[in-house]
Amino acid sequence: MSDLDEAIAQLRACRLIPETQVRELCYKARELLIEEGNVVSVDAPVTICGDIHGQFHDLMELFRVGGDVPDTNYLFMGDFVDRGFYSLESFLLLLCLKVRYPDRMTLIRGNHESRQITTVYGFYDECIRKYGSANVWRYCCEVFDYLALGALVLGASSELEPSVSNMESTQAMMPIDDGELETEVLNSKGEVTVSTYRRRQRSSSNTSTDSRNISPPRDISAAPGNSSQAPLRSGAPGTGASGSGSGSYGNTSRTGAVLCVHGGLSPAIESVDKIRLIDRKQEVPHEGPMCDLLWSDPDEIEGWGLSPRGAGFLFGGDIVKGFNHTNDLSLVARAHQLVMEGYKEMFDGGIVTVWSAPNYCYRCGNVAAIMELGEDTSNGGMVARNNGEYGRSNGILMGSSSVESSVVSPGRRYRVFEAAAQDTRGMPAKKPVADYFL
Ligand SMILES: [Mn+2]
């Protein structure tokens, strides 16, 4: 393990490790990944990241903003390599962290984690340039074949704890109608720039409690006898917050699961379980469900459309809503498309694009973002093990079809960040880059 820690330290300093060590690392990584399903289950809290594209210094900035491994639980949605000048350092570091802290680092496959694409968009050339042969490229591609195709985040809270550093100002901004903090956007200095609230959906029996308190959920689980001085909130049955199971929204796991994929949905995949049936241990195919998951994009259309990328599909809001409903998902998180603000929610919050490569290709001028989902501590740490387990199985809470809207989005905290200063130094920016959309 000390070898591994040494490798991590070296890669963090943007220095490569010897080829023999890369071979060993890739072998270990493959042994780990082979055990993972096509759809990895990840418990909240988790920080979800989009494309990195070899922008090593920006990855360091991401860790500065999002917290270090293993303190922060990370989920990267692919496209670690190509385009940037440090694909090797970026991917090998992430892989080291995966092997060192397997439960704190989830890596899923992007469309660039492919032999064919990396041959065209830079990673192959970088391997030849830095190692003098294609060996390391080959080792990495073998790892790519074993990366999961998606992840399912379970146990995310519907409500955010306001950022601590800004608690006072947030309190001042708290709307009068007992809103739950639904989204928060922070700049790289940790300052809250946007907060949105959703109306608290509580039964009338619970509305008399002072739900304006913004204490962290962990403070709320006081014994029922102390509840007069403890910050009250209607919690799950069996927790101190409610003291009983009488609240109609005792089902606090109304936050459905969050499906994370690199690209998007596929017309060949109507359920999350269908993804689990794919034989993923191969080069990314040119078509079919596995290809679509890595290549598709949401678009303002109805139904399915042809993708200008030549692979995958475009899919509309009706597709997203149907898929989320069928699978009891509250959100699809994906990457794959440059968004200038770093993140973009579409279709009433049914899908979000997270983009984590600031100033993409060292010339796009965009900011980047990561998305944090908090942990739902209101249910005593119990998490639905399947997407939809709670909503499906509890006929009392979910008996009427009219309550389908009670599956609400998880609270989402976006940390927006800009390109690292040193990475912008001495970068050639003359050559126009043709296909940003790849
Ligand atoms: Mn992509």
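**Group meeting: walking through the model**

Okay, let's start with the seven-stranded sheet: an open one, mixed in its pairing, with strand order 4-3-2-15-16-6-7. Strands here are DSSP E runs of at least two residues, helices are H or I runs of at least four, and both are numbered from the N terminus. When I say two strands pair, I mean DSSP finds at least two bridges between them. At the edges we have strand 4 (105-107) and strand 7 (192-198), and each has a single partner strand, so one side of each has no neighbour in the sheet. On average, neighbouring strands in this sheet are turned by 20 degrees against each other, direction ignored. For angles, axes are lines fitted to C-alpha atoms, for helices over the stretch in contact, and values run from 0 to 180 degrees between N-to-C directions.

Before I go on, the housekeeping. This is a predicted model, so local features need pLDDT of at least 70 and side-chain atom pairs count only at pLDDT 80 or more, while totals for chains, interfaces and linings use all residues. Residues are numbered from 1 along each chain as its sequence is written.

Back to the sheet. Strand 15 (368-373) and strand 16 (412-417) run antiparallel, paired over six bridges, and Ala368 sits opposite Phe417 of strand 16. Packing on this sheet is helix 3, residues 56-66, which touches strand 2 (46-49), strand 15 and strand 16. The direction of helix 3 makes about 135 degrees with that of strand 16. Touching, or contact, means C-beta atoms, placed from the backbone, within 7 Å.

So how many residues of helix 3 are buried? Nine of the eleven, so the helix is largely enclosed by the rest of the structure. My cut-offs count other C-beta atoms within 10 Å of a residue's own, again placed from the backbone: 20 or more is buried, 12 or fewer is exposed, and in between is partly exposed. The buried set includes Phe56, Leu59, Leu62, Phe63 and Val65, but also His57, Asp58 and Glu61. Their cover includes strand 2, helix 4 (87-100), strand 15 and strand 16. Right after helix 3 comes Gly67, with a positive phi, near 100 degrees.

Now the core. A nonpolar core here is a set of buried Ala, Val, Leu, Ile, Met, Phe, Trp, Tyr and Cys residues joined through C-beta atoms within 7 Å. The largest one has 102 residues, and Ile48, Val153, Cys260 and Val354 have the most contacts inside it. Helix 4 gives the largest share of this core, nine residues. Take Val354: leaving aside neighbours within four places in sequence, its contacts include Ile48, Met77, Tyr343, Ile370 and Met371.

Next, what the record says. UniProt, in an unreviewed entry, lists His112 under "active site". The same kind of record gives residues 108-113 as "domain: Serine/threonine specific protein phosphatases", also from an unreviewed entry. These positions use the numbering here, feature names are shortened, and annotations may be inferred rather than shown by experiment. In the model, the 108-113 span is 0% helix and 0% strand, with its end C-alpha atoms 9 Å apart. His112 is in the loop between strand 4 and helix 5 (115-121). Buried or exposed, then, for His112? Buried, with 29 other C-beta atoms within 10 Å. Not counting residues up to four places away in sequence, His112 touches Asp79, Val81, Asp82, Ile117, Thr118 and Tyr121.

For another loop, go to Ala268, between strand 8 (257-261) and helix 9 (272-276). Ala268 is partly exposed, with 15 other C-beta atoms within 10 Å. Pro289 is 21 residues away from Ala268 in sequence, yet the two C-alpha atoms are 5.6 Å apart.

One helix pair: helix 2 (19-33) and helix 7 (135-144) pack at about 10 degrees, axes 9 Å apart. That makes them roughly parallel, the word for angles under 35 degrees (over 145 is roughly antiparallel, 65 to 115 roughly perpendicular, the rest oblique). Among the residues meeting there are Val22, Cys26 and Ala29 of helix 2, and Val136, Tyr139 and Cys140 of helix 7.

Last, the overall numbers. The chain has 13 helices and 16 strands, and 47% of its 438 residues are buried. Of the contacts between residues at least 6 apart in sequence, 72% join residues at least 24 apart. That's my tour, thanks.

Methods
Two residues are in contact if their C-beta atoms, placed from the backbone, lie within 7 Å.
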